[in-house]
Amino acid sequence: MSGISKGGKKDTKMRIRAFPITMDEKYVNNIWALLKNAIQEIQKKNNSGLSFEELYRNAYTMVLHKHGEKLYTGLREVVTEHLINKVRVEVVDALRNNFLQVLNSAWNDHQTSMVMIRDILMYMDRVYVQQNNVENVYNLGLMIFRDQIIRFPLVHSHLRDTLLTMVAKERKGEVVDRGSVKNACKMLMILGIDSRSVYEEDFEKPFLIQSAEFYRLESEKFLAENSASVYIKKVEARILEEAERATHYLDKSTEEPIVKVLEDELIRKHMKTIVEMENSGVVHMLKNNKSEDLACMYKLFCRVPDGLRTMCDCISAYLREQGKALVTEDDNGTNAITFIQSLLDLKDRFDHFLHESFSNDRLFKQMISSDFEHFINLNPRSPEYLSLFIDDRLRKGVKGMSEQEIENVLDKSMVLFRFLQEKDVFERYYKQHLAKRLLLNKSVSDDSEKNMISKLKTECGCQFTSKLEGMFKDMTVSNTIMEEFKHHLQQSVTNLNGVELYVRVLTTGFWPFQSSLSKCNMPSAPNMAFEAFRRFYLGKHSGRQLSLQPQHGSADLHATFFGIKRANTGPMDLVDEGAASSSGKSLRRHIIQVSTYHMVILMLFNKKESWSYDEIKNETDIPERDLMRALQSLALGKITQRVLSKDPKTKDIEPDHMFTVNDQFTSKLFRVKIQSVATKGDTEPERNETRNKVDEDRKHEIEAAIVRIMKARKRLQHNVLVAEVTEQLKARFLPSPVVIKKRIEGLIEREYLSRTAEDRKIYTYVA
């Protein structure tokens, strides 16, 4: 089947050309005379007798016979003549009376007449105008009106001055004819023919210049007479007023530039003055919790470049000043709980401002975090105090706090924890405090403890909390072991001489205690009980070692006090209650809850009535610092807890001072707890010891980081290595470049790293 190709067929169109008829000059002039007369009649509003169809045909004929130029030029002359000789005269005559109304009326008439003229000359618009690239009929009329009326010097200046005067009057509170102003602005926009040029040059530019000057003077007057908060409200009102004016009777496009002028004159040029105004600026607002005023200021300062930065700098200076005052230690020492609570209160205050006044702006959020990080680290004890604060909240006996409230406090404490640079110091203290809570059964609840550890784990990773979790595991395992031990005692009928023993077996690596044997001569009864447990435990777990940690233990002693001393016996029997005579009315029995060291000291008084400090020290072998604390709490603590008397009755303890049982000891409670006199927080020697341990741990962490980096990179320049080590470790602490350098040298000595021969500042990893 053969196909038919269409490609070769030529597409032809038939065109019918008009037969050229030449028109003589006279005929053309006659047609033009008719059209000219019609245009003039339209301008005079006498268009009712005109035949628009006939006029259109005449214009069509002229253009068709190539007389479009004559028609176009003639139109321009007729319109120009009418505007100059009639309209301009009327407008100039009205300069002093109803100027805007007359001008608006003339403009409306001109628009109407140009629409009619455009209709009869429509063919010229379609053919001649397009072929010769000239303005169409209607636009030509607009341009002539612009040049002959609006740009006529007398009218031009008077129109501008009239409009500016009316706006100025309204700003001062007078009522003006908004409609006239709106019509004039609309006219200027139309005269721009698809651009704002006429409106911009004839009105907007002078309007913005006048506005800038008006608001410059007004801002100076406002600032001199008003407080910052009143000034801000006035500025806000002015901006709304100008925006509304632009929308309602100027052109909408003027809103943005006029508001920019206001922002510049009322805000940007006076930012520093506003925020620093005495007794009303930002600091005053912060001190008096004026959240709404701060929110107004924030909204206004958002509008200008560097506005928020100016505000932020002022707030930051105040916050740092407040924070520095809180973290500075006074001569009387600082209470850790008050210290942290004050910081939390300050954080709450500024978080409130952040949410209520600053719309959670990122700049303000970063500023608050940066400032807190700055001043919380000014005090080297901040990690210790934070740990003590959390310790206080997690201990039993915190009255009036629900679990949810404790949870909220812990969340807030974690915020402060994030600001700490020395997180490893916090970890060491937290471990010590957690150990005491667990061993003394002081935790408010295991759930709260585990919740806190979970928060730390989320923040710092499992390496940070692995030992803390290990401590909890030890406590659980110890409970199981004690159950087994009790069962063992029952089966083997082992006698512990009346001692009820409860042992917690602690894994050396998890707990912040020295594994070495602490010196202390235990009384025979408790010592025999412990040895029985040791044999039981090592029988189950061969190859392990148990060392007693008396400094962390506690004891309940059954004590009988005699008001009248008896011959040949001590005044207090701590072991055998049955030996006491029950005939005396002054006989008193109590259970005394004490630490292991207290127990060791008190049981000495079953042997003899009085002991000197030196004798107690030699007999018990308790470390001097712990012995001093123990005696202070037994003899110099609260009156209701003084089970020993000291001679002489001074606050200090000397080697020859004598101790006896307090005959007059009384208590309303049957179970009396002897509180240790240990201060809330470490003493200076303990603090130094903790610091030394932290520094020792840091050496290993820095070396580990150096080796990790060098193993991966093989070759590094000194400064790059220091920067990378700092980056790796900053989550736990900020290592000093000097310390890093020492650790690098230590690793070079131990041949983990080596210096390159060509440059001693470049290190290589030794595999």
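1. A word before we start: two strands count as a pair if DSSP finds at least two bridges between them. Keep that in mind for E8 and E10, which pair in the antiparallel sense over three bridges. One more thing to know early on: this is a predicted model.

2. Let's stay with those strands. E8 and E10 belong to an open sheet of three strands, and the order is E8-E10-E9 with antiparallel pairing. Which strands sit at the edges? Strand E8 (715-717) and strand E9 (753-755) do, as each of them pairs on one side only. If you look at how the strands sit against each other, neighbours in this sheet are turned by 30 degrees on average, with direction ignored.

3. Now for the pairing in this sheet, residue by residue. On the E8 side, Leu716 stands opposite Tyr763 in E10. E9 is joined to strand E10 (residues 762-765) by three bridges, and the two run antiparallel. Pick out Leu753 and you'll find that its bridge partner in E10 is Tyr765. Ser754 has Thr764 of E10 opposite it. How many residues lie between E9 and E10 in their hairpin? There are six.

4. Two helices go with this sheet. Helix H29 (residues 718-729) packs on the sheet and touches E8 and E10, and its direction makes about 95 degrees with that of E8. Helix H30 (residues 737-749) lies across E9 and E10, and runs at about 100 degrees to E9.

5. Next, take a look at another open sheet of three strands, where the order is E4-E6-E5 and the pairing is antiparallel. Its edge strands are strand E4 (610-612) and strand E5 (644-647), each pairing on one side only. Here the average turn between neighbouring strands is 25 degrees, direction ignored. Three bridges hold the pairing of E4 with strand E6 (residues 658-661), and these strands run antiparallel. If you want one pair to find on screen, try Trp611, whose bridge partner in E6 is Phe659.

6. This sheet has helices on it as well. Helix H26 (residues 613-620) packs on the sheet, where it touches E4 and E6, and its direction makes about 90 degrees with that of E4. Helix H27 (residues 624-635) lies across E5 and E6 and runs at about 105 degrees to E5.

7. On to a helix pair. Two packed helices are described by the angle between their axes and the distance between the axes. For helix H17 (residues 336-356) and helix H19 (residues 382-394), the axes come within 8 Å and cross at roughly 95 degrees. Are H17 and H19 roughly parallel or roughly perpendicular to each other? Angles of 65 to 115 degrees count as roughly perpendicular, so H17 and H19 are roughly perpendicular to each other.

8. Who makes that contact? From H17 it's Ala336, Ile337, Phe339, Ile340, Gln341 and Leu344, and from H19 it's Ser382, Tyr385, Leu386, Leu388, Phe389, Asp392 and Arg393. Sorted by class, the residues of the contact of H17 with H19 are nine nonpolar, two polar and two charged.

9. Time for some empty space. Rolling a probe the size of a water molecule over the atoms shows where empty space is left. How many cavities of 30 Å³ or more does the structure hold? It holds one. The largest cavity has about 40 Å³ of space, and its lining is made of Leu100, Leu103, Asn104, Ser180, Asn183, Ala184 and Met187.

10. Where do those lining residues come from? Helix H4 (99-120) and helix H9 (178-191) each supply at least two residues of the lining of the largest cavity. H9 gives the most to that lining, with four residues. Four residues of the lining are nonpolar and three are polar, with no charged ones.

11. Last, a pocket. The second largest pocket holds about 470 Å³ of space. It is lined by 19 residues, and Arg428, Lys431, Lys467, Gly509 and Asp697 are the ones that lie nearest its centre. Helix H21 (423-439), helix H23 (462-492) and helix H28 (684-713) each give at least two residues to the lining of this second largest pocket. By class, the lining of the second largest pocket has nine charged residues, five polar and five nonpolar.

Terms used. Residues are numbered from 1 along each chain as its sequence is written. This is a predicted model: local features need pLDDT of at least 70, side-chain atom pairs count only at pLDDT 80 or more; totals for chains, interfaces and linings use all residues. Side-chain values use heavy atoms; hydrogens and water are left out. Axes are lines fitted to C-alpha atoms, for helices over the stretch in contact, and angles run from 0 to 180 degrees between N-to-C directions. Angles under 35 degrees count as roughly parallel, over 145 as roughly antiparallel, 65 to 115 as roughly perpendicular and the rest as oblique. Contact means heavy atoms within 4.5 Å. Ala, Val, Leu, Ile, Met, Phe, Trp, Tyr, Cys and Pro count as nonpolar, Asp, Glu, Lys and Arg as charged, and the others, Gly among them, as polar. On a 1 Å grid over the protein atoms alone, a cavity is a set of points where a 1.4 Å probe fits but cannot get out, and a pocket is an open set with protein on both sides within 12 Å along at least five of seven lines; lining residues have an atom within 4 Å of a point. Grid points are joined across faces, edges and corners, and a volume is the space filled by probe spheres set on the points.
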